[in-house]
Protein chains: 2
Amino acid sequence: MADEVILLDFWPSPFGVRARIALREKGVEFEYREENLRDKSPLLLQMNPVHKKIPVLIHNGKPVCESMNVVQYIDEVWSDQNPLLPSNPYQRAQARFWVDFIDTKVFEPADKIWSTKGEVQEKAKKEYIEALKILETELGDKTFFGGDTFGFVDIAMTGYYMWFEASEKCGNFSIEPECPILMASAKRCLQRDSVVKSLPDPEKIVEFAFKIRKIYCV
Amino acid sequence: MADEVILLDFWPSPFGVRARIALREKGVEFEYREENLRDKSPLLLQMNPVHKKIPVLIHNGKPVCESMNVVQYIDEVWSDQNPLLPSNPYQRAQARFWVDFIDTKVFEPADKIWSTKGEVQEKAKKEYIEALKILETELGDKTFFGGDTFGFVDIAMTGYYMWFEASEKCGNFSIEPECPILMASAKRCLQRDSVVKSLPDPEKIVEFAFKIRKIYCV
């Protein structure tokens, strides 16, 4: 019997997109179900009763929640092609360390850039660039965080890469002059087939960001 | 050549203790080095330049940071005995999900119980018990979160179990009547040989908690 794979997701989500990319890297067919986050489906509430958040991967009826947990699950289940985590324990630990860094030190200021203004926003922009510069140092002369191959950390960051333009426009600043090496790697990630197929139109994200910004910054 | 394993740690840390327990579950000999967090050693700053936090596991000169990342690394390197994570991908994803829950929904209120007072502390106590009740439901009739065996989620929680008495005394409340099933599992965890050897005297933790509480709640 073929696997039944359903993804509960929301199109501009930097977290949802991670699951989409991982599934496409593995060539897994899946049914995408768009959620209305203001009126969540009974299925979402049933499958993720603790956090009630997307993305949720439902694999043969069983839910997996939290985006990078979903990515790791996908990597472990469909392990025969395109490994996303390295096999070496030390390199795996390094990858998990950087994903944790992204989900705290990049997430927190990124989230404030579109949802605040004035001094709070200025502080968030500074912290965001500082975090991106640390990642730029880690990237060094590698093509991807995964080395020669697009991997776990790259997938975690691609959710932010797809929001770069919206962040820059909401915050009236520019990332590339501060982090040229990271930006070059971001461009390589955004050109990948699995990513192109998973990302919405960047202009739509900018439009969406300004729409929700209006609600938060009245 | 034998492995050189050094753990940079701080005795009352609920995070540091996770690494200690994991090493002892695996029977790994290690050198424990106590850090003074008000005057961090050059080695700690060199080995964890991003967060400058304990625990850091230094294995043959290479650092691994962030407590549950350290535990997973230990599980992968010394994989021949006492597996801490299950081998089934779905069960692994569930274990990682609950560890993430613990490190957000348990950590945040737990941290406030000893460091705040008044309304903020009351709110934290309520949130703490709510989070513990969710874990109690997940535990159900299992001996440990890991089922019949002490595992990844149990190690994550043991850091909090060792602080239960201090939390109760700082917050003037009682966990057992609210979460009897969780408490029974906590007692089983605290009796394990690897845990007994890794935990400080509970009275010393209470004493430490009140000492730092004085600094935060003037």
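This report describes a sheet, a helix that lies across part of it, and a pocket in a predicted model.

## The four-stranded sheet

Chain A contains an open sheet of 4 strands, arranged in the order S2-S1-S3-S4 and joined by mixed pairing. Its edges are formed by strand S2 (31-34) and strand S4 (62-65) of chain A, each of which pairs on one side only. On average, and with direction ignored, neighbouring strands of this sheet are turned by 20° against each other.

Within the sheet, strand S1 (residues 5-9) of chain A pairs with strand S3 (residues 56-59) of chain A in the antiparallel sense, and 4 bridges connect these two strands. One of the positions that can be located in the structure is A:Ile6, which stands opposite A:Ile58 in S3(A).

## The helix across the sheet

Helix H3 (residues 67-77) of chain A lies across S3 and S4 of chain A, and its direction makes an angle of about 125° with S4(A). Strand S4 of chain A, which H3 crosses, is also one of the edge strands of the sheet.

## The second largest pocket

The second largest pocket holds about 340 Å³ of space. It is lined by 17 residues, of which A:Pro86, A:Gln91, A:Ala95, A:Phe145 and A:Gly146 are the closest to its centre. By residue class, the lining comprises 9 nonpolar, 6 polar and 2 charged residues.

Helix H4 (89-115) and helix H6 (152-161) of chain A each contribute at least two residues to the lining of this pocket, and H4(A) gives the most, with 4 residues.

Note on methods:
Residues are numbered from 1 along each chain as its sequence is written. Chains are lettered from A and ligands numbered from 1 in the order in which they are written. This is a predicted model: local features need pLDDT of at least 70, side-chain atom pairs count only at pLDDT 80 or more; totals for chains, interfaces and linings use all residues. Side-chain values use heavy atoms; hydrogens and water are left out. Two strands pair if DSSP finds at least two bridges between them. Axes are lines fitted to C-alpha atoms, for helices over the stretch in contact, and angles run from 0 to 180 degrees between N-to-C directions. Contact means heavy atoms within 4.5 Å. On a 1 Å grid over the protein atoms alone, a cavity is a set of points where a 1.4 Å probe fits but cannot get out, and a pocket is an open set with protein on both sides within 12 Å along at least five of seven lines; lining residues have an atom within 4 Å of a point. Grid points are joined across faces, edges and corners, and a volume is the space filled by probe spheres set on the points. Ala, Val, Leu, Ile, Met, Phe, Trp, Tyr, Cys and Pro count as nonpolar, Asp, Glu, Lys and Arg as charged, and the others, Gly among them, as polar.
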